[in-house]
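User: I am new to reading protein models, and I would like to learn how to go through one feature by feature. Could we work through an example together?

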Amino acid sequence: MKFVYVLVSSENDYYYEECVVSITSLLRRNPSAHIVLLIDDKTQRTLISGRKEIKELASEVIVQEFDVSVKQKVRSRLLKTSMRQLVQGDFLYIDTDTVIADNLNSIENFEYDLGMVLDMHMPVSNNHKQMYENAKRLKYSVGYNNLHFNSGVIWVRDTLQNRAFFKMWNELYKETLIRGIDIDQASLNEVNCRMGGIIAELSGVWNVQVNCGVKFLAYAKIIHYLGFQPKNKQAKYF
């Protein structure tokens, strides 16, 4: 089975380490996993010496070049919103800030072509103040039928409809950048609305967001710890 990660990292951050931890935990539970690593040209140049291990863990590495002016965060989102066009076949996309807690092969039995877990494990009307603010600013819909999805884990079959979905996602993400918003979920959920709600809801166990998904932890398949959030704002590493 194919798993996709996006890594955009320098020697001054922790994203490389996050990705190695996630891939290592994935291989422990899924030893036959085919891992596709999508990286940018700047990241590629840093994967030497102590940072070259990840190339040995990955089954294939796909490198995309960007203009030097494109910021690191934006590079990662441009890769993420383009991945359906860059990777062949069905795949499960996983954010780097995750730990894999179980075998994941059963995702192939999911009956729908595009699947994600609800953001914050709840309907959008419950507690998504920032999402409403972003949607209002962009003149987008905040969610389809009261559902706003988290982009940390995405099941994607190789279909024409999914290719169209990702093409529009990439285009709308670039639109949000012009309007000063660099996160990818506003554009993701707007595409879902425009395409009539094609995202199917995955069980919360596939993307347990630890700040609000404790009830799913006992059966977690993927634990999403939502990045590095130190109380000490000067800290750079775990």
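User: Is cysteine 212 buried, exposed or partly exposed?

Analyst: This is a predicted model, and we can begin with how far a residue is open to the outside, given as a relative accessible area. Cysteine 212 has a relative accessible area of 24%, so it counts as partly exposed, since that class lies between the limits of 20% and 50%. Cysteine 193, by contrast, is buried, because its relative accessible area of 18% falls under 20%.

User: How many disulfides are there?

Analyst: One looks for pairs of cysteine sulfur atoms within 2.5 Å, and by this rule the count comes to zero disulfides.

User: Where is aspartate 95 found, and is it buried or exposed?

Analyst: Aspartate 95 sits in the loop that runs between strand 4 (91-94) and strand 5 (98-100), and with 14% relative accessibility it counts as buried.

User: Which side chains does aspartate 95 join through polar contacts?

Analyst: The side chain of aspartate 95 is joined to that of tyrosine 93 by a polar contact of 2.4 Å, and to that of lysine 80 by a polar contact of 3.4 Å. If residues up to four places away in sequence are not counted, aspartate 95 touches Tyr5, Ser22, Lys80, Ser151, Gly152 and His224.

User: What is the volume of the largest pocket, and which residues lie nearest its centre?

Analyst: A pocket is an open space, and here the largest pocket has a volume of about 1,000 Å³. Its lining is made of 34 residues, and Asp95, which we have just discussed, lies nearest its centre together with Arg77, Asp97, His224 and Leu226. Strand 1 (2-7), helix 1 (15-29), helix 4 (72-86) and helix 5 are the elements that each give two or more residues to this lining, and helix 4 has the largest share, with five residues. Sorted by class, the lining of the largest pocket holds twelve nonpolar, 14 polar and eight charged residues.

User: How many cavities of 30 Å³ or more are there, and what lines the largest cavity?

Analyst: A cavity, unlike a pocket, is a space from which the probe cannot get out, and the count comes to one cavity of 30 Å³ or more. About 40 Å³ of space lies in the largest cavity, and its lining consists of Met131, Asn134, Ala135, Tyr140, Ser141, Val142, His148 and Ala186. Helix 5 (residues 129-138) gives the most to this lining, with three residues, while by class the lining of the largest cavity divides into five nonpolar, three polar and no charged residues.

Conventions: Residues numbered from 1 in each chain as written. Predicted model: local features only at pLDDT ≥ 70, side-chain atom pairs only at ≥ 80, totals over all residues. Heavy atoms only, no water. Helix = DSSP H or I, 4+ residues; strand = E, 2+ residues; numbered from the N terminus. Buried < 20%, exposed > 50% of the residue type's maximum accessible area, 1.4 Å probe, protein only. Polar contact = N/O pair within 3.5 Å; in protein donor to acceptor, adjacent residues only side chain to side chain. Contact = heavy atoms within 4.5 Å. 1 Å grid on protein atoms, 1.4 Å probe; cavity = no way out; pocket = protein on both sides within 12 Å on 5 of 7 lines; lining within 4 Å. Points joined across faces, edges and corners; volume = space filled by probe spheres on them. Nonpolar A, V, L, I, M, F, W, Y, C, P; charged D, E, K, R; others polar.
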